[in-house]
Structures are given as structure tokens and as C-alpha cells.
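Work through the exercises below with the sequence and the 3D view open. Try each task before reading its solution.

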Amino acid sequence: MLTISVSQRSNHLTTQFFNIQEGYLNLSKEEQVNDSKIYLNPVVDRFSKTVSYTPRALLWDARTGNGSLGTYQYAETKDYHFGNEDEFKDQTVVKTHPTIPKSEYQIALDTAIPLPTLTKENTKYWSDYSKLIYGASSFNTLKDWYHDVANPNQPDFQNLGERKFNKYSIGYDEFTENYMQEFFDGNLHTELEKCDTLQGLNLITDVESGWGGFSSALLLELKNELPKKTVFSWGFNEDDPFTDVLSVKRLTKKWLPIISNKLRTTMSIMQDSDLYFPLYAPTGLTNWETAGKTCKILDSVNATISQNNPEQRKTMDYITTAVTLGDSSRNMVTEMTIGNNDYSFCSRIVPFKNSRTNNDYQVFSNSVINREDQMPREDPKSATRSKRSEMFTHRYFPSDTIPTEFSEDCEFSLKLTSSEKSRDIFKHWNEFVTRHFKNDNDREELKNQLSDYASAYESGWYDDEDSGDDDM
């Protein structure tokens with residue numbers, strides 16, 4: 001399994017996920033619960049008779065987004081300058097930005113001293129608390145866009161403070177024009193060559209900025225390159241007017257850039273993915289906290305795929321079928337619930353004006369990933385049993401880098417639901433495109449796509465109150 005992580009926020013989630021993988025390596029043979037080689041590449045040193053592991057991952061970020069971590073910091077090369085200036089006395093070293101100091105956590109890891117407590121203040125970069133050492137081919141950097149500490153999810157062009165990486169088209173063109181050939185012929189193939197057999201990929205991204213367009217272009221080419229491989233896409237969504245009753249009634253054109261990014265990215269990613277998980281990024285949480293909160297979902301799905309128990313282990317295709325029931329047009333996971341907590345952005349959407357009430361939404365499928373030692377059984381006479389797929393895996397092993405409030409419950413069941421609720425988001429977007437996308441060349445294509453997805457999530461008859469007239 002290969003993970004492609006695109007954006008600073010996504011790299012935080014990827015870091016938390018691989019920190020958990022690192023924790024599995026420290027379990028005794030009797031305690032081993034997963035096959036570490038699925039997500040980590042083992043490198044054997046025959047002289048020292050040791051094995052080291054590097055993540056099977058490709059990370060994209062803006063310049064300086066890696067924090068203090070240099071691409072070749074832990075490799076046997078002299079390409080890493082910072083902190084080694086004495087070795088380059090006869091060469092000219094040009095620094096394009098101030099040196100970012102190594103975090104206390106990384107210093108503690110390198111020197112084997114007690115680890116400091118992680119807080120919002122010392123986890124601004126994902127590399128501040130990353131436990132595993134990535135291979136040099138894992139790092140991919142935007143050449144002209146710099147990480148903005150004040151606004152970490154939208155890089156700044158040339159570090160000038162005048163232009164942000166904030167549009168779908170900017171990201172899409174950036175990848176196709178500047179990185180596509182280099183990425184696929186270079187780092188991607190390097191990582192693929194480390195895999196004996198590739199089952200599929202995780203793509204993690206933001207959907208409200210230029211990273212959404214960047215990921216869409218990358219994924220389109222990826223499906224052309226690996227057409228038979230399964231792709232699970234994970235997209236971070238923040239609150240917008242469609243998540244608040246009062247805001248949706250006062251929706252203005254000022255939201256056009258963000259909504260445009262979100263709907264274009266979602267449509268593109270859903271078209272080229274087998275399953276799409278619309279993750280909710282809570283307002284007020286840092287990227288470190290958001291990653292710690294949502295890692296339960298990412299880890300649960302992937303733990304089902306990588307567990308040691310051959311009778312319980314499931315493939316990506318199995319999980320896809322469990323959610324979609326074979327209908328590829330319903331590949332968005334509507335709800336991702338653990339107890340009373342729903343981690344899906346889709347479930348936060350205000351009901352469309354002619355939608356059913358929450359209790360009346362048609363449920364197409366309920367798939368449960370059970371991570372409890374005591375696994376409850378359903379009543380065999382339950383009416384929903386035929387639509388429910390229950391999978392089992394080991395309990396949650398959160399890393400100590402995850403905030404305490406998100407790591408206390410280690411035995412739970414994750415329910416993945418596909419329901420009519422997804423219709424709401426596509427109907428809202430369709431109406432928004434009709435009203436505000438007056439001069440967009442792809443306006444009619446978007447309307448058709450949104451209508452098709454809305455229809456896919458409809459069951460029964462609706463009183464179509466929304467006319468969709470362009471003169472609204």
C-alpha cells in the first residue's frame with residue numbers, strides 16, 4: 001500500500017498514521033497484530049544484521065513546509081547543508097530562507113533522552129513529531145510556493161505575501177505543467193519499485209485550496225498509470241455556508257472561490273477514486289489536533305487491510321464493495337461514525353429544501369469495522385442485517401504523538417454509511433453553480449455531473465421544488 005499525501009494538513013495526518021505503524025514494530029512477536037511490510041519498506045543491513053523501515057509514502061508540501069527536516073538529512077550524502085556549513089568551505093551556499101530549528105521532540109529522538117510533551121505550540125510542522133525516517137524519494141516540494149506559518153494550509157508564491165495557492169486552477173496547472181513528468185518518472189517509480197505487489201493507494205489532500213486541483217491532476221494521471229489499482233481518497237473539508245442553516249440562506253458570491261474549489265475537487269476525486277472519504281476538519285483545531293482526531297478513521301480502514309489474522313483481513317476491493325454494493329456512482333462515504341461522533345463532512349450539510357428528515361434518509365449500506373475485544377452480535381432478525389457488512393480487526397494502538405483527548409478510547413466500532421444524505425451536498429452545489437457560475441466554461445458539465453451524483457443518491461420520488469432556472 002502506497003500513501004500519497006498532498007498538503008501540510010494531510011502530511012500531519014500521514015505522520016500520525018505512520019507513527020502508529022512505528023508503534024507496531026515495538027510490539028513483541030506474540031503481540032504483533034499487523035503485517036508491517038504492507039505500509040513500511042524493510043531495508044536489511046546484512047553487516048549489522050538489523051532491519052530498518054521507511055514509510056511507503058510520497059509527501060507533497062510547499063518550500064519550508066518540512067520544517068527543520070532536510071530531504072537528505074538522514075542519508076549518506078552531502079546535499080544537506082543546514083548545520084553542516086563547515087563541510088562546504090570551498091563552495092558557495094545560498095540560503096533562501098532562515099534555518100528552521102529542530103524541534104525538542106526530534107532532538108530527544110536523536111539523542112535518546114526523555115520525550116517532551118507535545119502541545120499546539122511545538123507541533124506547527126508535521127516533521128516536529130515524526131518518528132520514522134523517510135527515504136529521500138518520499139519528499140516532493142513545490143518550487144515556487146512557500147509555507148506560510150500564519151496560514152499553513154495555503155502556501156504563498158515566492159514568499160512575497162501577494163499571491164496564495166488558493167484556487168483549483170492554480171493547483172491543477174501547477175502539477176500538469178511543472179511536475180507531472182518529473183514525479184511519475186522519478187519519485188513515484190522509485191517507490192513503486194520497492195513494492196513486490198501493489199494492492200492500491202491512499203491519497204490524502206485538502207479540497208478547498210490549490211492543493212485540491214493539484215491532487216485532482218495527480219490522481220487523473222495516476223489512474224492512467226495504474227488503471228487496475230484501487231484508490232481510497234481522503235479529503236479535508238472545513239465548515240462553509242452549507243453547514244449552517246442561517247448562512248445557507250444568506251449565501252453570497254464571496255464564497256464562490258472556496259465552494260468552487262471544494263466542488264470541483266470533490267467531483268474530480270470521486271470520478272477517479274474507488275472510495276472517497278470526506279473528512280471534516282473542525283474549526284479551531286490545529287493541524288496536529290485535526291490529524292490526531294481523524295487518524296482513528298484512516299487507521300481503522302487500513303488496519304482492516306493489514307492485520308495478521310488471514311480470516312479477518314479484507315482487501316481494498318472488499319471494503320469498496322461493502323460500502324458501494326457494486327454501484328460505483330455511490331462511492332462517497334456519507335457517514336463515518338464512532339459512537340456519537342461523526343467524522344464526515346457530508347453529514348454536517350444542511351438538508352436541501354426538499355430533502356427528507358434525517359430519520360427518513362434511505363440507507364444504502366452500513367459497513368462496520370469492529371475494533372472491540374468483546375464483539376457484539378446483531379439480532380439475526382434485524383431488518384438491516386442484509387445491508388450491513390461487519391469486519392473485524394485489532395484494537396486501536398494510538399501513538400503517543402496523538403493528543404490525549406483523541407487517544408483514550410482504543411476499543412470501538414467504526415460505521416461507514418452510504419445514504420441519501422449525500423444527495424444534499426450535490427443539490428446545494430448544483431443550485432450554487434446555477435446561480436453563480438455564469439461565465440465558467442465547464443458550467444454545464446458541472447451541473448450535469450452534480451445532477452447525476454444527486455440522482456445516484458436518491459431513492460423513491462421527490463417533489464422537485466428547485467427549478468434550477470438560470471434567472472434565479
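**Exercise 1.** How many salt bridges does the count come to?

Solution. The model is predicted: local features need pLDDT of at least 70, side-chain atom pairs count only at pLDDT 80 or more, and totals for chains, interfaces and linings use all residues. Residues are numbered from 1 along each chain as its sequence is written, and side-chain values use heavy atoms, leaving out hydrogens and water.
Step 1: take the rule, a side-chain nitrogen of Lys or Arg within 4 Å of a carboxyl oxygen of Asp or Glu.
Step 2: apply the rule; the count comes to 21 salt bridges.
Step 3: recall the background. Side chains of opposite charge can pair when their charged atoms come close.

**Exercise 2.** Find the salt bridges that K262 forms with E208 and with D240, and place the partners in the chain.

Solution.
Step 1: between E208 and K262, the N to O distance is 2.7 Å. E208 sits in the loop between β7 (200-206) and α5, while K262 belongs to helix α7 (residues 256-272), 54 residues apart. Helices (H or I, at least four residues) and strands (E, at least two) are DSSP runs, numbered from the N terminus.
Step 2: between K262 and D240, the N to O distance is 2.6 Å. D240 is in the loop between β8 (230-237) and α6 (245-249), 22 residues from K262.
Step 3: check burial, where buried means under 20% relative accessible area, exposed over 50%, and partly exposed in between (1.4 Å probe, protein chains only). E208 and K262 are both buried, and D240 is buried as well.

**Exercise 3.** Is R264 buried or exposed, and which parts of the chain does its salt bridge with D442 tie together?

Solution.
Step 1: the closest N and O atoms of R264 and D442 are 2.2 Å apart.
Step 2: R264 lies in helix α7 and D442 in the loop between α10 (421-436) and α11 (443-456), so the bridge ties together parts 178 residues apart in sequence.
Step 3: R264 has a relative accessible area of 12% and is therefore buried. D442, at 23%, counts as partly exposed.

**Exercise 4.** Which residues of helix α4 (residues 180-192) are buried?

Solution.
Step 1: the buried residues are F183, F184, L188, E191 and L192.
Step 2: they cover an arc of only 90° around the axis (from directions to the C-beta atoms), so they are on the same side of α4.
Step 3: among the elements they pack against (contact: heavy atoms within 4.5 Å) are β1 (2-6), α3 (168-178) and α5 (210-225).
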